[in-house]
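Work through the exercises below with the sequence and the structure at hand. Try each task before reading its solution.

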Amino acid sequence: MTREELTEAADSLRQAAEVAQKAEARERLQDQSETFDSLAEADRGPDHGQLAHREHILTEIASDEDEAADYIETALESIRAYRETVEGV
């Protein structure tokens, strides 16, 4: 089952990685992109805790990567849209 919002987040994070100025940020963004691709295709979707953790990581990266910040914000918007569909908290 594909979770469209998480696929969109992964795509935005790939774009962010392409424009990131720092090698560490590029690597972290690529890792996050791959993670969201996996979460989008998993049998069971991520819970609020997993998503909150990923949001924190992305916010941290965005604060230090001006070039990639807009793409990261787009990814965060997709993640938040998906979170609205998750039961619980």
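**Exercise 1.** State which helix holds Leu-29, and decide whether Leu-29 is buried or exposed.

Solution. Step 1: Leu-29 lies in helix H2; helices are DSSP runs of H or I with at least four residues, numbered from the N terminus. Step 2: its relative accessibility is 0%, so Leu-29 counts as buried. Buried means under 20% relative accessible area, exposed over 50%, and partly exposed in between, with a 1.4 Å probe and protein chains only. Step 3: Leu-29 and Gln-15 are 14 residues apart in sequence, and their C-alpha atoms are 9.0 Å apart.

The model is predicted: local features need pLDDT of at least 70, side-chain atom pairs count only at pLDDT 80 or more, and totals for chains, interfaces and linings use all residues. Residues are numbered from 1 along each chain as its sequence is written, and side-chain values use heavy atoms, without hydrogens and water.

**Exercise 2.** Describe the largest nonpolar core (buried Ala, Val, Leu, Ile, Met, Phe, Trp, Tyr and Cys residues joined through side-chain atoms within 4.5 Å).

Solution. Step 1: the core has 24 residues, and Leu-29, Phe-36, Leu-58 and Ile-72 touch the most other members. Step 2: helix H1 (4-19), H2, helix H3 (48-62) and helix H4 (69-83) each give two or more residues. Step 3: H1 gives the most, six residues.

**Exercise 3.** Place Asp-11 and classify its exposure.

Solution. Step 1: Asp-11 belongs to helix H1. Step 2: Asp-11 has 35% relative accessibility and therefore counts as partly exposed. Step 3: Asp-11 and Phe-36 are 25 residues apart along the chain, with 8.9 Å between their C-alpha atoms.
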